[in-house]
Amino acid sequence: MGASATSPAAPTVRAEAMLEGPPQGCPTPAPVATGAPPPGCPMHQAQPVQVSPPSECPMHRAEAGPAHQNRAYEFVECPMKAAADGKSDIDPANMMPPPNQIPAPDQPFQLSISREESTIPRHGTEKNWVYPSEQMFWNAMLRKGWRWRDDDLAAPDMTNIIKIHNRNNEQAWEEILKWEALHAGECPCGPTLKRFGGKAKEYSPRARLRHWMGYELPFDRHDWIIDRCGKEVRYVIDYYDGEVNKDTYQFSILDVRPAFDSLDAVWDRMKVAWWRWTS
């Protein structure tokens, strides 16, 4: 690197036997390669075949990705480097703060800034959604009005909270895929998640009905908008308290179903209700 030096001329190698050259003044014929190139040459190396998904798949209709996920993979691969130039604003795709990895001024302990990749396909890209780090989760709770002094939290507690949070989302996506299996014929690529948001205090009609029947209200609610090969479908997810599985970190009991936004959703729920009733 830097200034370059002139390479010394290669020494001349004399062959043991040489053919007599052409008469003086005659043009020298261009050499003709007669032997096969060595096996190490590039043409002997098979080129990998890249198979593209069908043209109707969502990744062929790429959209601008949400700001919350734009630099997410940097925090999966090298979180310390990515934290140097984080930016902030609310992401309309998931109503979450940006990847704010800076510790809060009065934060009592250090938190991890590494992020975990989910198994949930992110619409408009060929990547998956990436979960927030412990530091991002802490900052998001502060932004919503939470004050850490009101709770007796330690750093290991935040680690467990993140694991439970991630497992809840994986479980929700698994339930959505069960519903989407009803439409595998019309969307062979499978669904992708476009956006989502929390509606903790906006109880769904189903949750209210259950409450009138004597059951507890859900402690949280999310609406997830998925893309079914070009068609938007909204799913309602109610989260109920459950016991924590210390091995899988599964905590919540989820009630996942398509919202009554279309005749297709109504028909799907009628079919599933009938199957459950008759099974």
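Asp223 is buried, with a relative accessible area of 5%. In this predicted model, that acid has a charged partner. Lys199 forms a salt bridge with Asp223, and their closest N and O atoms are 3.2 Å apart. The two come from distant parts of the chain, 24 residues apart. Lys199 sits in the loop between S3 and H6, while Asp223 belongs to strand S4. Unlike its buried partner, Lys199 counts as partly exposed, at 29% relative accessibility.

A second bridge joins Arg234 to Asp261, with 2.8 Å between the closest N and O atoms. Arg234 lies in strand S5 and Asp261 in the loop between S6 and helix H7 (263-278), so this pair ties together parts that are 27 residues apart in sequence. Both partners are partly exposed: Arg234 at 24% and Asp261 at 49%. Shared partners then join Lys199, Arg221, Asp223, Arg234 and Asp261 into one salt-bridge network. The whole structure has 14 salt bridges. Another of them links the side chains of Arg167 and Glu174, at 3.3 Å from N to O. Glu174 counts as partly exposed, at 37% relative accessibility.

Now step back to the overall fold. The protein chain has seven helices and six strands. Along the sequence they follow the pattern α-α-α-β-β-α-α-β-α-β-β-β-α. Of the 279 residues, 35% are buried. Take the contacts between residues at least 6 apart in sequence: 60% of them join residues at least 24 apart. The chain exposes about 18,700 Å², and carbon and sulfur atoms supply 57% of that area.

What lies inside? In soluble globular proteins, nonpolar side chains tend to be buried together. Here the largest nonpolar core has 17 residues. Ile176, Trp224 and Ile237 have the most contacts inside it. Helix H5 (155-180), S4, S5 and strand S6 (253-258) each supply at least two of its residues. Ile237 shows how varied the neighbors can be: leaving out residues up to four places away in sequence, it touches Ala172, Ile176, Asp220, Arg221, His222, Trp224, Leu254, Asp255 and Val256. Apart from this core lies another, of 11 residues, among them Ala104, Phe109, Leu111 and Met158.

Aromatic rings add further links. The whole structure contains five aromatic pairs. In one of them, Phe196 and Trp224 are tilted at 45° between the planes, 6.0 Å centre to centre. Phe196 is in strand S3 (residues 192-198) and Trp224 in strand S4 (residues 220-228), 28 residues apart. Trp224 is buried, with a relative accessible area of 1%. Phe219 and Tyr239 form another tilted pair, 6.2 Å centre to centre with 50° between the planes. Phe219 lies in the loop between helix H6 (205-212) and S4, and Tyr239 in strand S5 (residues 231-240), so the pair ties together parts that are 20 residues apart. Tyr239 counts as buried at 3%, whereas Phe219 is partly exposed at 38%.

Arg210 brings a charge to two rings. Its charged end sits over Tyr215, 4.7 Å from the ring centre. Arg210 also lies over the face of Tyr240, at 5.0 Å from that ring centre.

Helix H4 (residues 134-143) completes the tour. Nine of its 10 residues are buried, so H4 is largely enclosed by the rest of the structure. Among those buried are Glu134, Gln135, Phe137 and Trp138. Trp138 also joins Phe109 and Trp146 in one aromatic cluster. Just after H4, Gly145 takes a positive phi of about 105°.

Technical notes. Residues numbered from 1 in each chain as written. Predicted model: local features only at pLDDT ≥ 70, side-chain atom pairs only at ≥ 80, totals over all residues. Heavy atoms only, no water. Phe/Tyr/Trp six-rings, centres within 6.5 Å; stacked < 30°, edge-to-face > 60°. Helix = DSSP H or I, 4+ residues; strand = E, 2+ residues; numbered from the N terminus. Buried < 20%, exposed > 50% of the residue type's maximum accessible area, 1.4 Å probe, protein only. Lys NZ or Arg CZ within 6 Å of the ring centre and 35° of its normal. Core = buried A, V, L, I, M, F, W, Y, C linked by side-chain atoms within 4.5 Å. Contact = heavy atoms within 4.5 Å. Areas by Shrake-Rupley, 256 points an atom, 1.4 Å probe, with all protein chains shown as cover. Salt bridge = Lys/Arg side-chain N within 4 Å of Asp/Glu carboxyl O.
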